Amino acid sequence: MDFARAAPPAGISVEVVDNDNASWDAFVRRTSASTLFHRMAWRHVLEETFQYRARYLTARQAGEIIGVLPLFELGRARQPRCLLSLPFAVEAGICSDHAEARQQLADAAIELAAESNAGYVELRDTWDSPGFLAEEGQNFRFRRSLHSSDAENLACIPRKQRRMVRVGQNAGLQSRLETDGTALLHDLAAYSMQRLGSPVFPRRYFESLRRHLGDDCEILSVWHDSTPVAAVMSFYFRDTVMPYYSGSRREFFGHAINDFLYWEMMRRARARGATQFDFGRSRKGSGAYHFKRHWGFTPEPMRHRVCVRGGAAPSSSTTTSLGLARSFWRHLPLPLTKQLGPVLMKYLGVYYT
């Protein structure tokens, strides 16, 4: 049964929406607090790939949308369900420039959690509201401006990493913008995810992202002679480029393939008109965290908030069983990880979001 709340004194009504794509996306495009993940495309990708249940809330005043909150229900084995905004997204949460609408959407999320028997609600935004506790200090994001020339951008890279870019250039590495590239990316991602002890996404997930995001999604690959050695899928939103999913072959690390990849990514984004490079989020102390710092990016603490109704929110860093699973995964044959990974990501995705 759809959730609906009586209009509060401010004349704001909140409801679950299923078929209002055009109005939703029009609001996201014109609202400063929006992100790429607020677009309806993200909903379609997750529904299509994982069959997660969407619970998208809108706040309206005089019939016009003044706020949105995209939510998905996720389940955990032998644990209460959760409402999350959003699976596999760096950020999302409430999108509104209207303070009262933000409060009404937060309240609606808590009531929806009770109706759905969800144990907790997690919103990846920077707002505050009663009932939610803010959490920060575990994940950090990395962003900086892009200059108008390759020379200026190269000068912003610390000397050691500039040298690594030249190592890749001297090794004869070449970059290509793929017309499709989903099979190539999936293969390389499987290598990397096995090394990290994490399940790989299904190939159809990358295909769905390309299809629903269109020109806002690109795959750039790096080749050594006739061998693809690295690739990255990047998203574009407004003036920002965000390299999001990547993979590489460890046996070619001596050629600095990842440094070369991200330099070529910067060059491509600048040529396309992007003015900000968003390196995404990484857990403090991880290899990705240090890699981004070595590239001269300053870590910014990310903040999200949780309302716990029962049980507790999962933590991939403190869950012993997940740590054992990572160790086990690293020793599986690569072909088997490609078969098992998509199944595990559907049912354990809450741990990897």
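# Touring a predicted fold, strand by strand

Biologist: Glu135 lies in strand β8. Is Glu135 buried, exposed or partly exposed?

Modeller: First, this is a predicted model, where local features need pLDDT of at least 70 and side-chain atom pairs count only at pLDDT 80 or more, while totals for chains, interfaces and linings use all residues. Residues are numbered from 1 along each chain as its sequence is written, and side-chain values use heavy atoms, with hydrogens and water left out. Buried means under 20% relative accessible area and exposed over 50%, with partly exposed in between (1.4 Å probe, protein chains only). Since Glu135 has a relative accessible area of 37%, the label is partly exposed.

Biologist: How far apart in space are Glu135 and Arg303, C-alpha to C-alpha?

Modeller: Contact here means heavy atoms within 4.5 Å. Leaving aside neighbours within four places in sequence, Glu135 is in contact with Met302, Arg303, His304 and Val306. Along the sequence, Glu135 and Arg303 are 168 residues apart, but C-alpha to C-alpha the gap in space is 5.7 Å.

Biologist: Which residue in β14 stands opposite Glu136?

Modeller: Strands are DSSP runs (E, at least two residues) and helices are too (H or I, at least four), numbered from the N terminus. Two strands pair if DSSP finds at least two bridges between them. Strand β8 (residues 133-145) and β14 run antiparallel, paired over seven bridges. In β14, the residue opposite Glu136 is Arg303.

Biologist: β14 pairs with β7 as well; how many bridges join them?

Modeller: Strand β7 spans residues 118-123, and six of its six residues are buried, so the rest of the structure largely encloses β7. Within β7 and β14, Tyr120 stands opposite Val308, while Leu123 has Arg305 as bridge partner. The two strands run antiparallel, and the number of bridges joining β7 to β14 (residues 299-308) is four.

Biologist: There's an open sheet too. Why is one side of β1 left without a neighbour in the sheet?

Modeller: This open sheet has three strands in the order β1-β3-β4, with antiparallel pairing. β1 (12-17) and β4 (64-69) stand at the edges, so one side of each has no neighbour in the sheet, and the reason is that each has a single partner strand.

Biologist: What angle does helix α3 make with β3?

Modeller: In that sheet, β3 (residues 56-61) pairs with β4 over five bridges in the antiparallel sense, and Gln61 has Glu64 as its bridge partner in β4. Helix α3 (residues 99-116) packs on the sheet and touches β1, β3 and β4. Axes are lines fitted to C-alpha atoms (for helices, over the stretch in contact), and angles run from 0 to 180 degrees between N-to-C directions. By that reckoning, the direction of α3 and that of β3 make an angle of about 145°.

Biologist: Arg43 lies in helix α2 (residues 40-50). Which side chain makes a polar contact with the side chain of Arg43?

Modeller: Arg43 is buried, because its relative accessible area is 5%. Leaving aside neighbours within four places in sequence, Arg43 is in contact with Val17, Asp18, Ala54, Tyr56 and Phe72. A polar contact is a pair of N or O atoms within 3.5 Å; within protein, one must be able to donate a hydrogen and the other to accept it, and residues adjacent in sequence count only if both atoms are side-chain atoms. For Arg43, the contact spans 3.3 Å and the partner is the side chain of Asp18.

Biologist: Which backbone nitrogen lies 2.9 Å from a polar atom of the side chain of Ser85?

Modeller: Ser85 lies in strand β6 (residues 79-85) and counts as buried because its relative accessibility is 0%. Leaving aside neighbours within four places in sequence, the contacts of Ser85 include Leu69, Ala92 and Glu122. The nitrogen 2.9 Å away belongs to Gly93.

Biologist: How many disulfides are there?

Modeller: A disulfide is a pair of cysteine sulfur atoms within 2.5 Å. Cys82 counts as buried because its relative accessibility is 1%, and Cys217 counts as buried at 2%. By the sulfur rule, the number of disulfides is zero.

Biologist: Last one: of the 353 residues, what percentage count as buried?

Modeller: The protein has eleven helices and 14 strands. Residues 24 or more positions apart account for 74% of the contacts with a separation of 6 or more. Of the 353 residues, the buried share is 52%.
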